[in-house]
Amino acid sequence: MLITKQNINELAWDKADNGLLPLIVQDVFSGKILMQGYADSAALEKTFATGHVTFYSRSKNRLWTKGEESGNTLSLKELSTDCDKDSLIALAEPAGPTCHLGTETCWDGDAQPNLSFLADLQNVIASRKGADADSSYTASLYAKGVKRISQKVGEEGVEVALAATSGDKDELICESADLLYHLTVLLQSMDLELNDVINKLKERHAK
């Protein structure tokens, strides 16, 4: 069930411990679990008012918006509850590391969903944009421009098709990896992201 500022009262506050429900924050793109805290109705109201995920801090004994001091905020994209309406998940876009230790998540280093690696790869590729062409293969592609990157995507697409046609599964995996990499570089060169492609797929799926 999606939660909006209009239906906060429909949550199972009668089950809440001292008026607090657990609130898990998940990266809207990578799916990584970023952190977990607690929220009361006032925290949720402030979250919707500001657009930034707000908790009730049990240690500070007050409302606490993530990043209010560090600037590493969590921009809310969607808030939902489970079937019992006594637990919350916030899909959010993080600005900087989420953990107070300076890591991406409070579970940084632990096992992450395989698909979240695409988000990590995209961040690495984005960081090479504008770098010296001799510093990495990715930087050299950016330096050659969109036309050359587009050619590489076309070449890798053909290689994927040939590998599939020949029935070579190992080669198909390798060429598909090359295609995904070069496609990500191309999107970044056009100031686009994989997330833009995913949103288009979601839009088509809904029709």
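**Buried and exposed sites in the predicted model**

Glutamate 156 is found in helix H4 (residues 146-166), where helices (H or I, at least four residues) are DSSP runs numbered from the N terminus, as are strands (E, at least two). The structure is a predicted model, in which local features need pLDDT of at least 70 and side-chain atom pairs count only at pLDDT 80 or more, while totals for chains, interfaces and linings use all residues. Residues are numbered from 1 along each chain as its sequence is written, and side-chain values use heavy atoms, with hydrogens and water left out.

Glutamate 156 counts as buried because its relative accessibility is 8% (buried, under 20% relative accessible area; exposed, over 50%; partly exposed, in between; 1.4 Å probe, protein chains only). Beyond its neighbours within four places in sequence, glutamate 156 is in contact (heavy atoms within 4.5 Å) with Glu175, Asp178, Leu179 and His182.

The largest nonpolar core (buried Ala, Val, Leu, Ile, Met, Phe, Trp, Tyr and Cys residues joined through side-chain atoms within 4.5 Å) has 21 residues, of which Leu23, Val25, Val53, Leu79 and Leu88 touch the most other members. Two or more residues are given to this core by each of strand S1 (21-27), strand S2 (33-39), helix H1 (41-50), strand S5 (74-81) and strand S6 (88-94). Another core, of eight residues, lies apart from it and includes Tyr142, Val153, Tyr181 and Leu186.

Leucine 192 is located in the loop between helix H5 (169-189) and helix H6 (194-205). With a relative accessibility of 37%, leucine 192 counts as partly exposed.
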